[in-house]
Amino acid sequence: TRSIVTRDKIVMRNVYKCIVRPHLEYCAQLWSPPATHGNWATIIELESVQRRFTRLIDGIGTLPYSDRLKALHLTTLAERRIRGDLIEVYKIVNGMVEYGKDLFCMSRSGDKIISMPSKNKDRLVPKIADSFITERVISF
């Protein structure tokens, strides 16, 4: 059957982290919705999966969402996407991956990451380009 016999906090957290969350975060650095008008429904829908799952856990299901996350030592999916973006940029800037070398550079002092300007100034899809990883991480 497709049911879990126990609803113990540790078991359920591990089930969530191993089975559910990877589906919600797959390739998130590519598709991550920016927190702007028009994307809130997507962001709330993704977060609602985690909300519903944490409600199933015995002993903490009736607590507010933020308290359930603290009890399970989890963060919101939006925070995880931001963290994933920053890790990906770190890998690109430090040459740990073979892609994205032309997306970022370091400042002359070496303490700031600079997004490389777009080569195509006459962009056909500016709204999409504004949500790329190069634009999402610069504010952090």
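This is a short talk on the fold, cores, helix packing and a few single residues of one predicted chain.

First, the conventions. The model is predicted, so local features need pLDDT of at least 70, side-chain atom pairs count only at pLDDT 80 or more, and totals for chains, interfaces and linings use all residues. Residues are numbered from 1 along each chain as its sequence is written, and side-chain values use heavy atoms, with hydrogens and water left out.

Let me start with the overall layout. The chain has seven helices and two strands. Both terms refer to DSSP runs, numbered from the N terminus: H or I over at least four residues for a helix, E over at least two for a strand. Reading from the N terminus, the order is α-α-α-α-α-β-β-α-α.

Of the 140 residues in the chain, 29% are buried. Buried here is under 20% relative accessible area, exposed is over 50%, and partly exposed is in between, with a 1.4 Å probe and protein chains only. The exposed surface comes to about 10,100 Å², and carbon and sulfur atoms supply 59% of it. Those areas come from the Shrake-Rupley method with a 1.4 Å probe; for residues, only the protein chains shown count as cover. A contact means heavy atoms within 4.5 Å. Among contacts in the chain with a separation of 6 or more, 50% are between residues 24 or more positions apart.

Now the interior. In soluble globular proteins, nonpolar side chains tend to be buried together. What I call a nonpolar core is a set of buried Ala, Val, Leu, Ile, Met, Phe, Trp, Tyr and Cys residues joined through side-chain atoms within 4.5 Å. The largest one in this chain has 12 residues: Met12, Tyr16, Leu24, Leu46, Phe53, Ile57, Ile60, Tyr65, Leu69, Leu72, Leu74 and Leu77. At least two residues of this core come from each of helix H1 (9-25), helix H3 (40-55) and helix H4 (65-72). Another core, of six residues, lies apart from it and includes Val89, Ile92, Phe104 and Ile133.

Ile57, from the 12-residue core, is worth following outward. Beyond four places in sequence, Ile57 is in contact with Arg7, Asp8, Lys9, Met12 and Leu72. One of these, Asp8, sits in the segment before H1 and is partly exposed, at 39% relative accessible area. Asp8 and Ile57 are 49 residues apart along the chain, with 6.5 Å between their C-alpha atoms.

Next, helix packing. Which way does H3 run against H4? The two pack at an angle of about 70 degrees, with axes 10 Å apart, and that makes H3 roughly perpendicular to H4. The axes are lines fitted to C-alpha atoms, for helices over the stretch in contact, and the angles run from 0 to 180 degrees between N-to-C directions. Under 35 degrees counts as roughly parallel, over 145 as roughly antiparallel, 65 to 115 as roughly perpendicular, and the rest as oblique. At this interface, Glu47, Gln50, Arg51, Thr54 and Arg55 in H3 meet Tyr65, Arg68, Leu69 and Leu72 in H4.

H3 also packs on H5, at about 110 degrees and with the axes 9 Å apart. H3 is therefore roughly perpendicular to H5. Here Ile43, Leu46, Glu47 and Gln50 in H3 meet Leu77, Ala78 and Arg81 in H5.

Two charged residues next. Asp85 is in helix H5, residues 77-93, and counts as buried at 4% relative accessibility. Setting aside residues up to four places away in sequence, Asp85 touches Gln29, Ile133, Arg136 and Val137.

Glu25 lies in H1. With the same sequence neighbours left out, Glu25 touches Leu77 and Arg80. The side chains of Glu25 and Arg80 are joined by a polar contact of 2.4 Å. A polar contact is a pair of N or O atoms within 3.5 Å; within protein, one must be able to donate a hydrogen and the other to accept it, and residues adjacent in sequence count only if both atoms are side-chain atoms.

Last, some backbone details. Cys27 is not a glycine, yet has a positive phi of about 55 degrees. Cys27 belongs to the loop between H1 and helix H2 (28-31) and is partly exposed, at 41%. His73, also not a glycine, has a positive phi of about 60 degrees. His73 lies in the loop between H4 and H5 and is exposed, with a relative accessible area of 66%.
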